[in-house]
Amino acid sequence: MAGPVRNKPRIFYGWYMVATFMFIALATTGARNAFGVFVIPMEEEFDWNRTTVTAAGFIGAVVAGVIQPFLGRIFDATGGRKIILVGLISIGVTLILLSLTFHIIFLILMFGVFASVAAGGVSINNTSAMLARWFRRRRATVMGLNAAGASLGGMVIVPFAMFLMQATNWRLTWVALGVLILVLALPLAFIFIRESPAQMGLQPDGDDEPSDGASPGESQRGPGPLEASKWTQPFRSWPFWQVSLAYMVCGSTTFMLSVHFVPYAVDRGVSPGLAATIFGVMLGLNVFGSLGAGLLADRFGRKNLLALVYVLRGSGYMILILPGIFGLTLLSGNLGLWLFALVMGFSWWATLPLTSSLTADVYGTQTLGTISGISFAFHQIGAAISVLFAAVLYDLTGSYTVPFLIVGILLFPAAFSAFSVKERKYSSRYVSAPAVPAASGD
Amino acid sequence: MPWPTMLSVLKHHGEAANPELLVWIKQLLDHVMGSSGWVIVAAVGLALVAFPIGLVLFYLSQLRRERADTYQASSDGQ
């Protein structure tokens with residue numbers, strides 16, 4: 001009698017992982033981005049000043065950067081599922097506890113420290129590292145989808161929190177955000193997250209197992225020459241530094257913008273409402289930028305596209321700054337701001353799937369959580385330095401022209417750094433597939 | 001880092017999302033949508049609930065089909 005025949009799944013299980021991670025990114029990133037919604041009502045209730053309240057957000061950004069390499073290490077050591085589940089429980093509980101806020105120290109500890117550490121466990125770095133095990137051919141595409149989920153989080157959860165707060169109060173809104181994670185994201189993660197396709201008897205990308213003697217497909221290709229089994233190994237190779245230093249410039253250019261763009265636009269004579277609209281359009285375009293970058297990178301490779309994104313972003317900064325310096329009236333008005341928003345919007349999150357997939361291709365997936373975490377720490381260091389730097393220069397010069405010009409110029413060496421990565425030499429995408437020996441003795 | 005510089009940074013809106021910006025965005029949404037807060041909360045909330053439930057239901061339906069396919073294939077093989 002013939003045994004049961006197991007057919008190939010109609011839909012590769014990895015796609016359920018992608019959908020789950022998109023929702024997790026949407027919920028967790030959105031909930032953290034919604035912090036700004038709570039600033040004004042909490043200020044009013046507790047009679048805090050703006051500087052005091054924003055300290056929690058600032059500390060949160062610093063903690064998120066510092067903690068990521070350590071959480072990445074735990075992710076690599078444990079396989080990932082546990083840290084994601086614990087992270088979701090922690091962030092959900094922390095958000096609910098924020099509804100009990102009674103003192104600024106409580107807010108700083110809960111949001112600035114606990115929520116940031118918990119969010120680090122479910123960060124895009126970690127979820128992308130897990131997706132890298134599930135996908136090789138479509139690695140950048142799925143990482144782009146993951147990033148798009150985070151980008152959508154800001155667009156969906158922040159307005160949701162705004163209107164919920166209008167209808168109720170800030171305490172209930174914190175509870176709702178916590179419940180959203182505990183009741184929706186956590187069960188989804190519990191049901192769908194599997195650490196690797198091998199756990200389910202599958203191959204990356206849902207490919208068939210290579211039959212005896214046949215040439216394996218791309219998903220069965222061997223490791224690249226720099227495949228890392230220890231997290232310290234990448235420090236001794238060029239691609240890590242080329243990618244991470246470029247990523248540092250990336251962090252400086254995006255954070256400086258998110259913090260200083262609206263005040264800058266207002267300084268240029270734009271109404272606050274229009275500045276907000278331009279900024280909103282920029283955030284909306286992020287989704288398309290990350291999706292497009294992922295799709296294109298799987299087709300044309302990572303490093304050239306990454307370099308192109310940095311060049312585009314640098315050009316955007318030049319469009320923003322140079323017309324004012326050289327007196328080009330057409331571009332120094334609103335048109336320049338809109339052009340900048342267009343270029344910046346598409347390039348904002350595009351670097352994430354490109355950087356993550358390139359790192360995964362070069363160093364493999366064994367220590368990817370740690371390596372990506374360290375790269376992310378570079379990103380956050382760049383972010384912190386640039387925000388401080390812009391604030392100091394603004395106070396010294398009375399305008400944002402000089403700091404924006406400097407970070408804009410830095411994007412071109414960053415592009416060169418990305419472009420000079422020897423992707424064809426080091427990436428597993430270009431490694432010849434090892435031949436599978438034919439079964440003998442039959 | 002001198003403390004006055006830190007404070008200067010915080011005055012430059014160091015939080016996750018600029019609160020004034022969010023107020024402007026909300027005014028913009030109010031203007032565009034013209035709905036009450038609860039309608040928007042309900043619509044977004046429904047979409048947020050629908051996604052995970054829809055994903056689980058879709059997965060279960062696929063699982064059922066695969067099992068049916070497997071059963072069919074093993075019956076054909078007999």
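Chain A averages a pLDDT of 87, and 93% of its residues score at least 70. The model is predicted.

**Exercise 1. Confidence**

Find the stretch of chain A where pLDDT stays under 50, and state how many contacts beyond four places in sequence the model has for it.

*Solution.* Start from the chain average, a pLDDT of 87. Then scan for values under 50: residues 438–442 of chain A stay there. The model has 3 contacts beyond four places in sequence for this stretch. Where pLDDT is low, the predicted coordinates should not be read in detail.

**Exercise 2. Packing of H3(A) and H15(A)**

Classify the packing of helix H3 and helix H15 of chain A by the angle between them, and list residues that meet.

*Solution.* Two packed helices are described by the angle between their axes and the distance between the axes.

1. Take the geometry. H3 (residues 50–78) and H15 (residues 368–397) of chain A pack at an angle of about 175°, and their axes are 7 Å apart.
2. Apply the cut-off. Angles over 145 degrees count as roughly antiparallel. H3(A) and H15(A) are therefore roughly antiparallel to each other.
3. List the contact. The H3(A) side includes A:Ala61, A:Gly65, A:Gln68, A:Leu71, A:Arg73 and A:Asp76. On the H15(A) side, A:Gly369, A:Gly373, A:Phe376, A:Gln380 and A:Ala384 are among them.
4. Sort by class. The contact of H3(A) with H15(A) has 12 nonpolar, 8 polar and 2 charged residues.

**Exercise 3. Length and burial of two helices**

Compare the end-to-end spans of H15(A) and H13(A) with the expected values, then describe burial in each.

*Solution.*

1. H15(A) has 30 residues, so at 1.5 Å a residue the helix should span 44 Å. Its end C-alpha atoms are 42 Å apart, which agrees.
2. In H15(A), 21 of the 30 residues are buried, so the helix is largely enclosed by the rest of the structure.
3. Just after H15(A) comes A:Gly398, with a positive phi of about 80°.
4. H13 (residues 334–347) of chain A has 14 residues. From first C-alpha to last, H13(A) reaches 20 Å, close to the 20 Å expected.
5. Buried residues of H13(A) include A:Leu337, A:Phe340, A:Val343, A:Met344 and A:Phe346.

**Exercise 4. Positive phi outside glycine**

Place A:Asp47 and A:Asp205 in the chain, and decide whether each is exposed or partly exposed.

*Solution.*

1. A:Asp47 is not a glycine, yet has a positive phi of about 60°. This residue lies in the loop between H2 (35–46) and H3 of chain A.
2. A:Asp47 has 7 C-beta neighbours inside 10 Å and so counts as exposed.
3. A:Asp205 has a phi near 70°, again positive in a residue other than glycine. Its loop runs between H8 (170–192) and H9 (238–267) of chain A.
4. A:Asp205 has 19 C-beta neighbours inside 10 Å and so counts as partly exposed. The buried class begins at 20.

**Exercise 5. Two C-alpha separations**

How far apart are the C-alpha atoms of A:Ile406 and A:Ser386, and those of A:Ser229 and A:Leu305?

*Solution.*

1. A:Ile406 sits in H16 (residues 401–419) of chain A. With 17 other C-beta atoms within 10 Å, A:Ile406 is partly exposed.
2. A:Ile406 and A:Ser386 are 20 residues apart along the chain, and their C-alpha atoms are separated by 9.9 Å.
3. A:Ser229 lies in the loop between H8 and H9 of chain A. A:Ser229 counts as exposed, with 10 C-beta neighbours inside 10 Å.
4. A:Ser229 and A:Leu305 are 76 residues apart along the chain, with 27 Å between their C-alpha atoms.

Terms used. Residues numbered from 1 in each chain as written. Chains lettered and ligands numbered in written order. Predicted model: local features only at pLDDT ≥ 70, side-chain atom pairs only at ≥ 80, totals over all residues. Axes fitted to C-alpha atoms, helices over the stretch in contact; angles between N-to-C directions. Helix = DSSP H or I, 4+ residues; strand = E, 2+ residues; numbered from the N terminus. Parallel < 35°, antiparallel > 145°, perpendicular 65-115°, else oblique. Contact = placed C-beta atoms within 7 Å. Nonpolar A, V, L, I, M, F, W, Y, C, P; charged D, E, K, R; others polar. Expected span 1.5 Å × (residues − 1). Buried ≥ 20, exposed ≤ 12 C-beta atoms within 10 Å, placed from the backbone. pLDDT = per-residue confidence, 0-100.
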